[in-house]
Amino acid sequence: MSDHRISDSWRIQYQGSDAESVQVGILRNLEYRLARDLHAADRYDIYASTAYAISDYLIERWILTKQAYFTSKPKRVYYLSMEYLMGRSLTNNLINLGLYDTCRDALAGLGILLDDIEECEADAGLGNGGLGRLAACFLDSMATMGLPAHGYGIRYNYGLFHQKIVNGRQVERPDHWLALPNPWEIARPTHTFTVHFGGHTERPPGITGAERTAWMPAGDVTAMAYDTPIPGYGTETVNTLRLWTAQAAEEFDFDVFSSGDYIAACEKQVLSENISKVLYPNDSSLLGKELRLKQEYFLVSASLQDILRRFKHDHDGHWALLPDAIAIQLNDTHQALAIPEFLRLLVDVEGLSWETAWDLCTRTFAYTNHTLMPEALEEWSVALLESLLPRHMEIIYLINHFFLMDVARRYPGDVDRLARMSIIAEDGVKRVRMAYLAVVGSHHVNGVAELHSRLMQETLFRDFADFFPGKFTNKTNGITPRRWLLKSNPRLAGLITEAIGSGWVTDLSQLRGLEPFAEDAGFRDEWRTIKRGNKAGMAELITRDAGVSVSPDSLFDVQVKRMHEYKRQLLFALRIIADYLRIKEHPHTGPVPCTCLIGGKAAPGYYMAKLTIHLITRIAEMVNRDPEVNGSLRVAFLPNYRVSLAEQLIPAADLSEQISTAGMEASGTGNMKFALNGALTIGTLDGANIEIRDEVGAEHIFIFGHTAEEIAELRQQGYRPGEYIARSPELQAVLHLLDIDFFSPGEPGLFRPLYDALVFHDPFFLMADFDLYRACHDRAVDMYRDRDAWTRLSILNVARCGKFSSDRTILEYARDIWHAEPVRVQFDQNALPHNLLAGVQGGGG
C-alpha cells in the first residue's frame with residue numbers, strides 16, 4: 001500500500017494570540033457560524049461566537065493531544081462518573097489557555113464586557129454536589145499534569161432541578177441547561193454503541209455461565225457520544241470528557257404512524273431517550289428504580305465498549321497488555337456494573353476464558369468509595385437485575401461463588417463471615433451489594449480523607465480489609481486552584497502572585513511563602529480590602545436573589561452544601577434562633593453584626609431536608625423583619641446553589657460552617673474551597689476538617705463537638721437527647737419556639753416533625769453538640785471583633801492549604817493506583833503529524 005501523506009494546505013492557519021486575532025475570530029464566528037452581525041447580535045450571540053472562537057484555540061491542541069497519545073501508546077486513565085459538576089466553561093478555558101486578558105481586551109474593543117457575556121452561559125447540569133465537583137476538579141488536574149486521561153459520563157438533557165423558593169418552600173423546576181446550544185461540545189453522530197436490556201440468555205447444554213454465553217436482549221438503546229475539550233493550565237494538553245446521550249435504536253415506527261396511532265409511533269424513542277433525560281430521576285417508585293439502573297448500565301456499557309475499541313486499535317488486541325495499557329477508576333458505587341459488563345464483553349464477545357477475563361478485571365479497575373451512609377451504598381434487587389440485565393446477574397452470581405469459595409478456604413466453617421461478605425444479601429428481599437461487587441473486582445479501594453478511609457476499613461469493609469491486605473488506601477480529596485482561587489477570586493489571586501510569584505497556580509504548596517506576610521500590616525490591609533470588596537459584590541447578589549439587604553461590614557457566616565440531615569443545616573438554624581433570642585434579651589450589648597447565609601438543594605423526595613429549608617426561610621423572615629434586631633443579625637437562604645454562585649459566595653465568606661455529624665462526612669471539598677479563599681473554618685472533627693486542622697494549626701481553626709469515636713460510643717450506650725436538653729437552658733428556649741409554633745403562626749404543627757426528631761430521636765446528635773457549637777461560635781465571633789487578628793489568621797489559613805490541591809491528589813492516584821505517566825504535548829502550528837486521520841478515525845477518538 002502506498003504512503004498517502006496529507007498536505008497541511010487544507011488547514012486554516014492557527015490564529016495569533018493577540019487581541020486583534022481573537023476579535024477577528026469572534027466576528028468570523030458571529031458572521032459565518034451564527035449568521036449575525038454586531039448590530040443584530042444579542043448577548044447570547046456574542047457569548048456563543050466568543051466561545052466558538054476560543055474553541056478554535058482548543059481544537060488543534062486537542063487533536064495534537066490525541067495524536068501524542070496515539071503515537072506514544074501511554075497507559076491511559078479512564079474516569080467513570082455519574083456526575084461532572086463543571087460550572088461555566090468560558091472564563092475557565094480562557095484562564096487555562098492564557099487568553100483571559102486578551103479576550104477581555106478583544107471584547108472591549110467591540111464595546112462588550114466579558115463579565116456580561118459570561119452570564120449568558122448556563123451552568124452545565126451534569127452534577128449535583130461534591131461528587132460531581134470533585135470529578136470536574138480531577139479532569140482539570142489531569143489535563144494540567146499532562147496525564148493521558150479521559151472522562152466518561154452521561155449528557156443529561158436536564159440537570160437535577162432549578163430550585164425556587166416559593167412561600168418559603170423549595171419548589172423544583174426543570175433545569176433545561178441545554179435549552180440553548182452548548183458551544184463547547186462536539187457531537188459525534190457516527191460514534192455510537194448499542195446497549196442491550198432485558199431478554200434472556202442461551203448456551204449449549206453442558207456449558208456453564210463462566211463460558212461464552214449468548215444474551216438475547218428484549219430491546220436496545222443507542223449511545224451517541226458528545227465530546228468536550230478539557231484544557232490544562234499552562235500546557236498544550238487538551239483531554240476529553242465524553243458524554244453519552246441515549247437514542248432509540250429504531251426512532252420512528254412508520255407503519256404505526258400511518259395507522260393513525262401517532263403517540264405509539266414515537267413511544268420507543270421517548271422511552272429510550274428517558275435514560276439520558278434527567279440527572280438522578282426520583283427512584284422512590286419501581287419505574288424510577290428501573291430508570292436509575294438503566295442509566296448506570298448505559299454509562300458503563302457504552303464507555304467500556306469505547307475503551308476496549310480504542311485498546312484493540314492501539315494494541316492490536318493483545319489482551320495480556322490490557323492492565324498495563326489502561327486504568328479504569330470508578331468514581332463511587334454507581335459504576336459498579338462495570339465489573340460484570342467488562343467480564344461479559346471479554347468472555348461473551350471477545351471469547352476470552354473466565355480466568356483470563358477475571359485476572360484482567362482485577363488488575364484494571366480501581367474503586368473510590370465516597371460515603372459510609374447506607375442510602376448511598378446502592379443495593380439492587382436480584383429480581384430487577386434478572387429482569388433488566390439477565391446475563392449480568394449470572395456473572396454476579398459467578399463472581400460471588402468464586403469469591404466465597406476463596407473466603408471459605410481462608411476461614412473454614414465461618415458461616416457468619418460468608419454471609420457478611422457475600423455480594424448477594426439474602427436477608428429479606430435478595431439484593432446485590434454493589435459496593436461489595438466494586439471492592440471484589442478492583443485492585444485498589446480508596447477513601448477520600450484519612451478519617452473516612454480508616455472508618456471504611458474499621459466498619460463498612462472491615463472483613464474485606466482483613467481479607468485483602470494492602471487493597472485499601474487513602475487519597476484525600478483536593479480542589480483545583482485554577483477555578484477556586486485564580487478564577488473565582490482574581491483580586492486575591494493577584495495579591496498572592498504579587499507577593500510570592502505565580503508558581504502556586506500549579507504547585508499549591510508554594511502558598512507557604514505567604515506566611516511572613518501575615519505579619520505585614522500593609523499586606524493585611526490589602527487582604528482585608530479585597531475581602532471587603534468581595535463581600536460588597538456578594539451583598540448586591542443577596543439583595544437581588546434573596547431580597548435581603550446585608551452589610552458587607554458584618555461577619556459573613558456561611559453554610560452551603562447539599563441539604564441532608566447529617567450535614568446539620570438544622571443545627572445552624574437552631575444556633576441562629578439562639579442568636580436571635582440573645583439579641584432580644586440583651587438588645588444593647590453591641591453584638592458583632594452577623595449575616596447568616598445558607599444554600600443547598602434538597603432531593604425532591606427528602607421531606608425532612610425540605611422542611612429544614614422551610615424553617616430556615618421562616619426564621620429569616622422573622623429575624624429580618626424584627627426592628628429590635630436592627631441589623632445585628634440577618635439571615636438569607638440563597639436559592640439554586642450552583643458552581644457559578646459558589647464562585648461569588650466563597651471568596652466573600654468570613655466563617656465556613658462545616659458542622660456535619662462526626663464520622664459521616666467522607667471528606668468534603670467545600671471546606672477546602674472556603675479555606676483557600678481566606679475563610680476561617682468552624683467545624684467538627686469530621687472528613688477533611690481533621691486534615692485542615694492539622695495543616696493550618698489547631699489555634700487557627702474553630703473545632704467543636706463529639707468525635708466519631710464518641711458518637712459511636714453514645715450510639716452504643718443508647719443516646720438520650722433529653723439529657724442534653726435538660727442541662728441547657730438556651731437549648732430549651734430554642735426548642736420552645738419550635739414547640740409553640742413561633743415560626744409557623746397560622747400553621748400549627750408545621751415544624752413538629754423537626755421538633756419531635758430532635759427531642760425524641762436526634763439520630764444526628766444535634767442536641768449533644770449544641771452547647772459545644774454555641775460556645776465555639778462565640779469564640780469565633782469574639783475573634784472577629786479584632787479584624788486585624790482575624791485577617792492574620794485568614795492569611796495563615798490560605799498559606800497552609802497547599803495540601804488540598806487536586807493536583808496533589810491526582811499525583812497520588814497516578815503514582816500509587818494507576819501507575820500512569822504524563823505525556824508531553826508540543827504545539828507547533830506548522831507541523832501536524834502526517835498520519836492525522838489514523839488517530840482520529842481509529843484509536844485516537
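Which residue in strand 10 is the bridge partner of Leu-80? Let's start there. One thing up front: this is a predicted model.

The bridge partner of Leu-80 in strand 10 is Leu-330. Leu-80 sits in strand 1, which covers residues 76–80. Strand 1 runs parallel to strand 10, residues 326–331, and the two pair over 5 bridges. On to strand 2, residues 149–154. Strand 2 is also parallel to strand 1, with 4 bridges joining them. There, Leu-80 has Tyr-152 as its bridge partner.

How much of strand 1 is buried? The count is 5 of its 5 residues. Look at the side chains. Arg-76, Tyr-78 and Leu-80 point one way. Val-77 and Tyr-79 point the other way. Every one of these residues is buried.

Now strand 15, residues 444–447. His-444 and Asn-446 point one way from this strand, Val-445 and Gly-447 point the other way, and all are buried. Who are the neighbours? Strand 11, residues 365–368, pairs with strand 15 in the parallel sense over 3 bridges. Strand 16, residues 472–474, also pairs with strand 15 in the parallel sense over 3 bridges. Put your finger on Val-445. Tyr-367 stands opposite Val-445. In strand 16, Phe-472 stands opposite Val-445.

Phe-472 takes us to the aromatics. Phe-472 belongs to one aromatic cluster, together with Phe-403, Tyr-411, Tyr-436, Phe-461, Phe-464, Phe-467 and Phe-468. How many aromatic pairs does the structure hold? The number is 29. Take Phe-461 and Phe-464. They are edge-to-face, with 6.2 Å centre to centre and 90° between the planes. Phe-461 and Phe-464 are both buried.

A second pair is Phe-523 and Trp-527. Their ring centres are 5.8 Å apart and their planes make 45°, so this pair is tilted. An edge-to-face pair needs over 60 degrees between planes. Phe-523 and Trp-527 are in helix 22, residues 521–546, and because they are 4 residues apart, about one helical turn separates them. Are they buried or exposed? Phe-523 has 6% relative accessibility, so it counts as buried. Trp-527 is buried too, with a relative accessible area of 3%.

Two lysines also sit over rings. Lys-73 lies over the face of Phe-70, 4.4 Å from the ring centre. Lys-601 has its charged end over the ring of Phe-161, 5.2 Å from the centre.

Next, the open sheet. It has 6 strands, in the order 19-18-17-20-21-22, with parallel pairing. Which strands are at the edges? Strand 19, residues 633–638, and strand 22, residues 702–703, each pair on one side only. Further in, strand 17, residues 555–560, and strand 20, residues 655–658, run parallel and are joined by 2 bridges. Asp-557 has Leu-655 of strand 20 as its bridge partner.

Helices pack on this sheet. Helix 24 touches strand 18, residues 594–599, and strand 19. The direction of helix 24 makes about 145° with that of strand 19. Helix 33, residues 787–799, touches strand 17, strand 20, strand 21 and strand 22. Its direction makes about 85° with that of strand 21, residues 680–683.

Last stop: helix 30, residues 729–739. The buried residues here are Leu-731, Val-734, Leu-735, Leu-737 and Leu-738. Why do they line one face of the helix? Seen down the axis of helix 30, they fall within an arc of 150°, so they share one face. What covers them? The cover includes helix 23 (569–585), helix 24 (607–625), helix 29 (721–726), helix 31 (752–761) and helix 32 (766–785). After helix 30 comes Asp-741, with a positive phi near 65°.

Helix 31 has its own buried residues: Leu-754, Tyr-755, Ala-757, Leu-758 and Val-759. Their cover includes helix 23, helix 24, helix 29, helix 30 and helix 32. So helix 30 and helix 31 each appear in the other's cover. An aspartate follows here as well: Asp-762 comes after helix 31, and its phi is positive, near 50°.

Notes: Residues numbered from 1 in each chain as written. Predicted model: local features only at pLDDT ≥ 70, side-chain atom pairs only at ≥ 80, totals over all residues. Heavy atoms only, no water. Buried < 20%, exposed > 50% of the residue type's maximum accessible area, 1.4 Å probe, protein only. Arc of directions from axis to C-beta. Contact = heavy atoms within 4.5 Å. Phe/Tyr/Trp six-rings, centres within 6.5 Å; stacked < 30°, edge-to-face > 60°. Lys NZ or Arg CZ within 6 Å of the ring centre and 35° of its normal. Pairing = 2+ DSSP bridges. Axes fitted to C-alpha atoms, helices over the stretch in contact; angles between N-to-C directions.
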